[in-house]
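Work through the exercises below with the sequence and the structure open. Each task is followed by a solution in steps.

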Amino acid sequence: MASVANHYEHNTQVLNTLNVGDRVKFTRGVYKHWAIYFGFGQIVHMAGEDNDGMGFTSTHFFSIGGQRYNKAEIRIDDFWKVAGNDKADIDNSADSTWNALDPNVIVDKATSRLGRIKYNIFFSNCEHFANWCRYGKRISDQVNGILILGALGAFASQSFTAGALLVAFFIYNVVKSDDKMEE
C-alpha cells in the first residue's frame, strides 16, 4: 500500500497547484480518466452510470456498432472522490499544440453540459470532453493511439482492408474533432 500513500502525497501536491480550467488526468491502469478543474477542490468530468471512469467495472465500457447510449453524465465531483487510490496529474501538455481557452470559458463550457450525455468510446469519452472544454477540440489521444496500433497490426498481418478501415476511421476521428460536443 506504499503506492497508495505515495499517491495521496502526490495528489495533495497536485490539488494544491491546480488552476481553474486545468486538465486533470487520473491514471487508472490501462486507461486514463480526464476531467477539468472547477476550483474549490472540485472537478467537472464525464462519469459513467456505474463508476466515474467508464472503466472495466462498468457494464457499459463499449457502445455497440458506434451507437451512442445515454449512460454517462457530466457532473461536478470532489477531487478526492474521483481520484480514489489512483494517481492524478495536471496535464495541459496539449497547450504547446493547441491554444487553451480562457479559464472562465473552459469552466463555462464544462458546466454548460452538466447532466446526462451520450457516451461513445470512440467519439464522446471523458478525454474528448476535457479537450473540448479546454481547447474546443473533441479528440482523444488514447483512442487515436489504439486506432494507429490496430492499423499497424492489421497491415503487419497483411490484412490491408482492416488496416485501411482503421486508418480511415482515425482520419475521420481527427477531422471530426472540431465538432460541437453532442448532447
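## Exercise 1: Aromatic rings

Ring pairs join Tyr8, Phe26, Phe79 and Trp80 into a cluster. The model is a predicted one, in which local features need pLDDT of at least 70, side-chain atom pairs count only at pLDDT 80 or more, and totals for chains, interfaces and linings use all residues. Residues are numbered from 1 along each chain as its sequence is written, and side-chain values use heavy atoms, with hydrogens and water left out.

Task: Classify the pair of phenylalanine 26 and phenylalanine 79, and place both residues in the chain.

Solution.

Step 1. Recall how pairs are described: by the distance of the ring centres and the angle of the planes. Rings of Phe, Tyr and Trp (its six-membered ring) pair if their centres lie within 6.5 Å; planes under 30 degrees apart are stacked, over 60 edge-to-face, and the rest tilted.

Step 2. A search of the whole structure gives 5 aromatic pairs. In the pair of phenylalanine 26 and phenylalanine 79, the distance is 5.8 Å centre to centre and the planes are 50 degrees apart, a tilted arrangement.

Step 3. The pair links distant parts of the chain, with phenylalanine 26 in strand E1 (residues 23–28) and phenylalanine 79 in helix H2 (residues 79–83), 53 residues apart. Helices (H or I, at least four residues) and strands (E, at least two) are DSSP runs, numbered from the N terminus.

Step 4. Check burial, where buried means under 20% relative accessible area, exposed over 50%, and partly exposed in between (1.4 Å probe, protein chains only). Phenylalanine 26 is at 0% relative accessibility and therefore counts as buried. Phenylalanine 79 is also at 0%, so it is buried.

Task: Do the same for tryptophan 98 and tyrosine 135.

Solution.

Step 1. The ring centres of tryptophan 98 and tyrosine 135 are 5.3 Å apart and the planes stand at 65 degrees, so this pair is edge-to-face.

Step 2. Tryptophan 98 is in the loop between strand E5 (87–90) and helix H3 (103–112), while tyrosine 135 is in helix H4 (residues 126–135), 37 residues apart.

Step 3. Tryptophan 98 has 19% relative accessibility and so counts as buried. Tyrosine 135 is buried as well, because its relative accessible area is 6%.

## Exercise 2: Contacts of two buried residues

Task: List what phenylalanine 79 touches, leaving out residues up to four places away in sequence.

Solution.

Step 1. Apply the contact cut-off, heavy atoms within 4.5 Å.

Step 2. The residues touched by phenylalanine 79 are Asn11, Leu15, Leu18, Val24, Phe26, Gly41, Gln42, Ile43 and Ala88.

Task: Is asparagine 131 buried or exposed, and which residues is it in contact with beyond four places in sequence?

Solution.

Step 1. Asparagine 131 belongs to helix H4.

Step 2. With a relative accessible area of 1%, asparagine 131 is buried.

Step 3. Its contacts are Arg23, Trp98, Gly136, Lys137 and Ile139.

## Exercise 3: Nonpolar cores

Task: Describe the largest nonpolar core and state which element supplies its largest share.

Solution.

Step 1. A nonpolar core is a set of buried Ala, Val, Leu, Ile, Met, Phe, Trp, Tyr and Cys residues joined through side-chain atoms within 4.5 Å.

Step 2. The largest core has 16 residues, among which Met46, Ile74, Phe129 and Cys133 touch the most other members.

Step 3. At least two residues of this core come from each of strand E2 (31–39), strand E3 (42–48), strand E4 (69–78), H3, strand E6 (115–119) and H4. The largest share, 5 residues, is from H4.

Step 4. A second, separate core has 12 residues, including Val14, Leu15, Ile43 and Phe79.

## Exercise 4: The two sides of H3

Task: Sort residues of H3 into buried and exposed.

Solution.

Step 1. Ile106, Val107, Lys109 and Ala110 are the buried residues in H3.

Step 2. These residues lie on the same side of H3, because they cover an arc of only 160 degrees around the axis. The arc is taken from the directions from the helix axis to the C-beta atoms.

Step 3. Asn104, Asp108 and Ser112, on the other side of H3, are exposed.

Step 4. Lysine 109 also lies over the face of tryptophan 132, 4.3 Å from the ring centre. The criterion is NZ of Lys or CZ of Arg within 6 Å of the ring centre and within 35 degrees of the ring normal.
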